[in-house]
Amino acid sequence: MLTLPIKKKWFDMILSGEKREEYRDIKEYYETRFQNLFGALTVHSVSVFSNNEEYELLQGESVIKQIRKDSVQEVIFRNGYSKNSKAIKARCSLRIGKGRPEWGAEPDKQYYILEILNIEELAADKTMLQKAGDEQLEK
């Protein structure tokens, strides 16, 4: 399981069900984490005719069996960085695409998009978040 800190505005919108996607920049930091969690590979392609880099996500049958994982995984979204922050456990799928500006995305920018399928609010205590972190280490 992966724990991602998010700002209060986005946390509250996810908790209310208004925001159904969370965005992460396409960087090596997240590429590694999403490969480990979802078994997803990010393909980078650059055009000689454009300065824009395009990305594609490979998962499921498109990747080798050794890294293949279920396309839906649990992610913990935590309101900030404090150990005592509120947290949401969400079942998410992953894709690459352009996000919605009203949900925090820059126009015409590609992101890793965590599509939030369902949520469960977690206790804002060290025990619950520590347990989630321990589960992540065991995998």
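**Exercise 1. Is Glu21 buried or exposed, and what does its side chain meet?**

Solution. Start with the accessibility: Glu21 has a relative accessible area of 10%. The cut-off for buried is under 20%, so Glu21 counts as buried. Keep in mind that you're working on a predicted model.

Next, place the residue: Glu21 sits in strand β2, which spans residues 21–24.

Now look for polar partners. The Glu21 side chain has a polar contact of 2.5 Å with the side chain of Tyr23. A polar contact of 2.6 Å ties the Glu21 side chain to that of Arg95.

Finish with the neighbours. Leaving out residues up to four places away in sequence, Glu21 touches Arg95, Trp103, Ile113, Leu114 and Ile116.

**Exercise 2. Work through some of the salt bridges, and sort the residues in them by exposure.**

Solution. First, the total: a search of the whole structure turns up eight salt bridges. As background, side chains of opposite charge can pair when their charged atoms come close.

Step one is the pair Arg24 and Glu22, with the closest N and O atoms 3.3 Å apart. Both Arg24 and Glu22 are buried. There's also a network here: salt bridges link Lys19, Glu22 and Arg24.

Step two is Arg68 with Glu61, a salt bridge at 3.7 Å from N to O. Arg68 has 28% relative accessibility, so it goes down as partly exposed. Glu61, at 69%, counts as exposed.

Step three is Lys89 with Glu120, where the closest N and O atoms are 4.0 Å apart. This pair links distant parts of the chain: Lys89 belongs to strand β6 (residues 87–98) and Glu120 to strand β7 (residues 110–122), 31 residues apart. Lys89 is partly exposed because its relative accessibility is 21%. Glu120, at 42%, is partly exposed too.

**Exercise 3. Which strands do β5 and β7 pair with, given that β6 is involved?**

Solution. Take β5 first: seven bridges join β5 to β6, and the two run antiparallel. As an example, Ile76 has Lys89 in β6 as its bridge partner. That's the Lys89 that forms a salt bridge with Glu120.

Then go to the other pairing. Twelve bridges join β6 to β7, again running antiparallel. Here you can check Gly97, which stands opposite Tyr111 in β7.

**Exercise 4. Which side of α1 is buried, and what does that side pack against?**

Solution. List the buried residues of α1: Trp10, Phe11, Met13 and Ile14. Their directions cover an arc of only 165° around the axis, so they lie on the same side of α1.

Now turn the helix around. Facing away from the buried side are the exposed residues Lys8, Lys9 and Ser16.

For the packing, the buried residues of α1 pack against β1, β2, β5, β6 and β7. To see what comes after the helix, look at Gly17: this residue follows α1, and its phi is positive, near 90°.

**Exercise 5. How many residues are in the largest nonpolar core, and which elements each supply at least two of them?**

Solution. Some background: in soluble globular proteins, nonpolar side chains tend to be buried together. In this model the largest nonpolar core has 30 residues. The ones with the most contacts inside it are Phe34, Phe38, Phe77, Cys92, Leu94, Tyr112 and Leu114.

As for the elements, at least two core residues come from each of β1 (2–6), α1 (8–16), α2 (28–38), β4 (53–58), β5 (72–79), β6 and β7.

Zoom in on Phe38. Apart from residues up to four places away in sequence, Phe38 touches Gln59, Lys69, Asp70, Ser71, Gln73, Cys92, Ser93, Leu94 and Leu114.

**Exercise 6. Follow Leu114 through its surroundings.**

Solution. Leu114 is in strand β7. Its relative accessibility is 0%, so Leu114 counts as buried.

Next, count out along the chain: Arg95 is 19 residues from Leu114, yet their C-alpha atoms are separated by 6.8 Å.

Last, the contacts. Not counting residues up to four places away in sequence, Leu114 touches Leu4, Arg20, Glu21, Glu22, Phe34, Phe38, Val75, Phe77, Cys92, Ser93 and Leu94. That brings you back to Glu21 from the opening exercise, which touches Leu114 and also Arg95.

Definitions and conventions: Residues numbered from 1 in each chain as written. Predicted model: local features only at pLDDT ≥ 70, side-chain atom pairs only at ≥ 80, totals over all residues. Heavy atoms only, no water. Helix = DSSP H or I, 4+ residues; strand = E, 2+ residues; numbered from the N terminus. Buried < 20%, exposed > 50% of the residue type's maximum accessible area, 1.4 Å probe, protein only. Polar contact = N/O pair within 3.5 Å; in protein donor to acceptor, adjacent residues only side chain to side chain. Contact = heavy atoms within 4.5 Å. Salt bridge = Lys/Arg side-chain N within 4 Å of Asp/Glu carboxyl O. Core = buried A, V, L, I, M, F, W, Y, C linked by side-chain atoms within 4.5 Å. Pairing = 2+ DSSP bridges. Arc of directions from axis to C-beta.
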